[in-house]
Amino acid sequence: WGEVLFLRRQFPDVDPATLLKLATLNGARALGLEDSIGSLTVGKQADVAMVTLPDSGPGDAFGALFAPGSRITGTMRRGRWLVGE
């Protein structure tokens, strides 16, 4: 997550939706794991991160996702919530 936030700071003109795709589906594709992870699709592993967004009111969800103050507050790997990781 830190790497994606770094990219957002270094390249603020890149569309946040593109950054999310780079961090998920394209990352899985680069690792040769596109068939099992990278998107929320039936048949793929349930690997997700829960991100708490800064309190900025209604607006652009993708922009809030990469805003300062957003942080991962939970993760799920293979359908199981992980605690303290």
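**Exercise 1.** How many salt bridges does a search of the whole structure find? Identify the residues of the pair and classify their accessibility.

*Solution.* The model is a predicted one. Searching the whole structure yields one salt bridge. Its partners are glutamate 34 and arginine 29, whose closest N and O atoms are 2.9 Å apart. The criterion requires a side-chain nitrogen of Lys or Arg within 4 Å of a carboxyl oxygen of Asp or Glu, and therefore a separation of 2.9 Å qualifies. For accessibility, the class between 20% and 50% is termed partly exposed. Glutamate 34 has a relative accessible area of 30% and is therefore partly exposed. Arginine 29, with a relative accessible area of 40%, is likewise partly exposed.

**Exercise 2.** Describe the aromatic pair found in the structure, its geometry and its place in the chain.

*Solution.* A search of the whole structure gives one aromatic pair. Tryptophan 1 and phenylalanine 66 form this pair, with 5.4 Å from centre to centre and 20 degrees between the planes. Planes under 30 degrees apart count as stacked, so the pair belongs to that class. The next step is to locate the two residues. Tryptophan 1 lies in the segment before helix 1, while phenylalanine 66 lies in the loop between helix 4 (61-65) and strand 2. The pair thus links distant parts of the chain, 65 residues apart. Finally, consider accessibility: tryptophan 1 is partly exposed because its relative accessibility is 27%, whereas phenylalanine 66 is buried because its value is 5%.

**Exercise 3.** Determine the strand order of the sheet, its edge strands and its twist.

*Solution.* The sheet is open and consists of three strands in the order 1-2-3, with antiparallel pairing. Strand 1 (48-52) and strand 3 (80-82) are the edge strands, as each pairs on one side only. From one strand to the next, the twist averages 30 degrees. Strand 2 (residues 71-77) and strand 3 run antiparallel and are joined by three bridges. Two strands pair if at least two bridges are found between them, so three bridges satisfy the criterion. Within this part of the sheet, methionine 76 stands opposite tryptophan 81 of strand 3.

**Exercise 4.** Which residues make the nonpolar surface patch of about 280 Å², and where does phenylalanine 11 lie?

*Solution.* The patch is made by Phe6, Leu7 and Phe11. Phenylalanine 11 is located in the loop between helix 1 (2-10) and helix 2 (16-23). Its relative accessibility is 48%, so phenylalanine 11 counts as partly exposed. Membership of a patch requires over 30% relative accessible area, and the value of 48% for phenylalanine 11 therefore meets this condition.

Conventions
Residues numbered from 1 in each chain as written. Predicted model: local features only at pLDDT ≥ 70, side-chain atom pairs only at ≥ 80, totals over all residues. Heavy atoms only, no water. Patch = residues over 30% accessible without salt bridge, like charges linked within 9 Å, V, L, I, M, F, W, Y side chains within 5 Å. Areas by Shrake-Rupley, 256 points an atom, 1.4 Å probe, with all protein chains shown as cover. Helix = DSSP H or I, 4+ residues; strand = E, 2+ residues; numbered from the N terminus. Buried < 20%, exposed > 50% of the residue type's maximum accessible area, 1.4 Å probe, protein only. Axes fitted to C-alpha atoms, helices over the stretch in contact; angles between N-to-C directions. Phe/Tyr/Trp six-rings, centres within 6.5 Å; stacked < 30°, edge-to-face > 60°.
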